Amino acid sequence: LRSVYTKQADLSATTPDGFEVRIHLNAGLSADTDIAHSSGADGVGLYRTEIPFMMEDRFPSEEAQFNIYRKVLQSYCGRPVTMRTLDVGGDKSLPYFPINEDNPFLGWRGIRMTLDHPEIFLVQIRAMLRANLGMDSLNIMFPMITSISEVDEALRLTRQAYREVSEEIAAQGNDQLLARPKIGVMIEVPGIIYQLPALASRVDFISVGSNDLTQYLLAVDRNNSRVAELYDSYHPAVLLALKHIFDQAHKCGIPVSLCGELAGEPAGALLLMAMGYRQLSMNIHNIPKIKWVIRKARLDQSKQVLDQVLALESPNDVRRVMSQHLETLG
Ligand code: PEP
Ligand code: MG
């Protein structure tokens, strides 16, 4: 079975009735760059920059970050790489930057922290832009966006970094192209779902972080074992929200992908595909399995199953219907 799966990695994720889903990779470890070629991914949908930050004992310098990001972009040979700006706080802490709060998931995390420390944000964006010099495969994404004002401030700082770096390059007599990366935001905080038109007029793409979106929609700490049974991305409310996000994004004409764990589960991937999502980003180990199931599942059948699922009232009912459906695929 393993070898069947491994061969799947080289094939495209195209349904028997001819619809393709682009499969991207969630990455962050330097080991990922060594296996970039064999991953079967069309690009990196989420590069978690906090992971290399966690390996250090102080904030990495611009030069150190530049070297890491350059290696990542080079190892994917021109395929798109979406780098997320530092997403610490919540469950992710840096040993050299402790954040002590009673309620860290509702606290100072992601873009909230980096906008309060523009020097950290600017150094990171500068390193990313410099790493992309002459390449043009970089996208940049902001985590934990709650308000339009955060997007505006992050965009302002990004433009400032772009101006600085392009002037420095010109002053060095370097005529290589400094591309303007596409900019996106993560949809993780439920409130921002109601402001998609305002987002769409500002950024190039959105990417749904279904792990955090599930936690915040259901008010369940994603790491608390006591309430682990309540944390469920197959909760009908979560599925309805994911469908609503796709429909709204489509209406606003903004590209949308999804990079939470749900995309790496066969049932989740089929439901997302049926909702309309055509780009899913996942852990490398899930890629062969997800390609296999998409290649087996006709889109029209998946849409029928989605209609059935969206009328259900409990996560357990959804899981039951989905496992019956997956059995019929083999
Ligand atoms: C998410 O929240 O779904 C996500 C992809 O980000 P992370 O898991 O790194 O918080
Ligand atoms: Mg998240």
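**Group meeting: strands, ligand shell and core**

Let's start with the strands. Strand E3, residues 44-48, runs parallel to strand E4, and three bridges join the two. In that pairing, arginine 48 stands opposite arginine 84 in E4. Keep in mind throughout that this is a predicted model.

How confident is the predictor? The protein averages a pLDDT of 95. At least 70 is the score for 98% of the residues. For the complex, the predictor gives an ipTM of 0.99 and a pTM of 0.96.

Back to E4. On its other pairing, E4 meets strand E5, residues 138-142. That pairing is also in the parallel sense, over four bridges. Here threonine 82 stands opposite asparagine 139 in E5.

Now look at the side chains of E4, residues 81-84. Which way do they point? Val81 and Met83 point one way. Thr82 and Arg84 point the other way. Why the split? Because side chains in a regular strand alternate between the two faces of the sheet. Are these four buried or exposed? All are buried, Arg84 and Thr82 included.

Next, the ligand. Which residues are around ligand 1? From the earlier part of the chain come Leu46, Arg48 and Asp87. Then there is Glu188, followed by Gly209, Ser210, Asn211 and Asp212. Cys259 and Gly260 complete the list. Two elements give two or more residues to this shell: E3 and helix H9, which spans 210-218. H9 gives the most, with three residues. By character, the shell divides into two nonpolar, four polar and four charged residues. Note that Arg48 turns up twice in this talk: it is in the shell around ligand 1, and it stands opposite arginine 84 in E4.

On to the core. The largest nonpolar core has 78 residues. Which of them touch the most other members? Met128, Val185, Ala269, Leu272 and Leu280. Helix H11, residues 266-275, gives the most to this core, with eight residues. Take alanine 269 as an example. Leaving aside neighbours within four places in sequence, alanine 269 is in contact with Ala263, Leu280, Ile290, Val293 and Ile294.

Now isoleucine 125. This residue is in helix H6, residues 118-131. Why does isoleucine 125 count as buried? Because it has 27 C-beta neighbours inside 10 Å, and 20 or more is enough. Its contacts, not counting residues up to four places away in sequence, are Ile140, Leu157, Thr158 and Ala161. Isoleucine 125 and threonine 85 are 40 residues apart in sequence. In space, their C-alpha atoms are 7.8 Å apart.

Last, two backbone details. Cysteine 77 has a phi near 45°, a positive value in a residue other than glycine. Where is cysteine 77? In the loop between helix H4, 62-75, and E4. Cysteine 77 counts as exposed because it has 10 C-beta neighbours inside 10 Å, and the limit is 12 or fewer.

Methionine 144 also has a positive phi, near 60°, and is again a residue other than glycine. Its place is in the loop between E5 and helix H7, 148-171. Methionine 144 is buried, because 26 other C-beta atoms lie within 10 Å. So of these two loop residues, cysteine 77 is exposed, whereas methionine 144 is buried.

Conventions
Residues are numbered from 1 along each chain as its sequence is written. Chains are lettered from A and ligands numbered from 1 in the order in which they are written. This is a predicted model: local features need pLDDT of at least 70, side-chain atom pairs count only at pLDDT 80 or more; totals for chains, interfaces and linings use all residues. Two strands pair if DSSP finds at least two bridges between them. A residue is near a molecule or strand if its C-beta atom, placed from the backbone, lies within 6 Å of it. Ala, Val, Leu, Ile, Met, Phe, Trp, Tyr, Cys and Pro count as nonpolar, Asp, Glu, Lys and Arg as charged, and the others, Gly among them, as polar. pLDDT is the predictor's confidence in each residue, from 0 to 100. A nonpolar core is a set of buried Ala, Val, Leu, Ile, Met, Phe, Trp, Tyr and Cys residues joined through C-beta atoms within 7 Å. Two residues are in contact if their C-beta atoms, placed from the backbone, lie within 7 Å.
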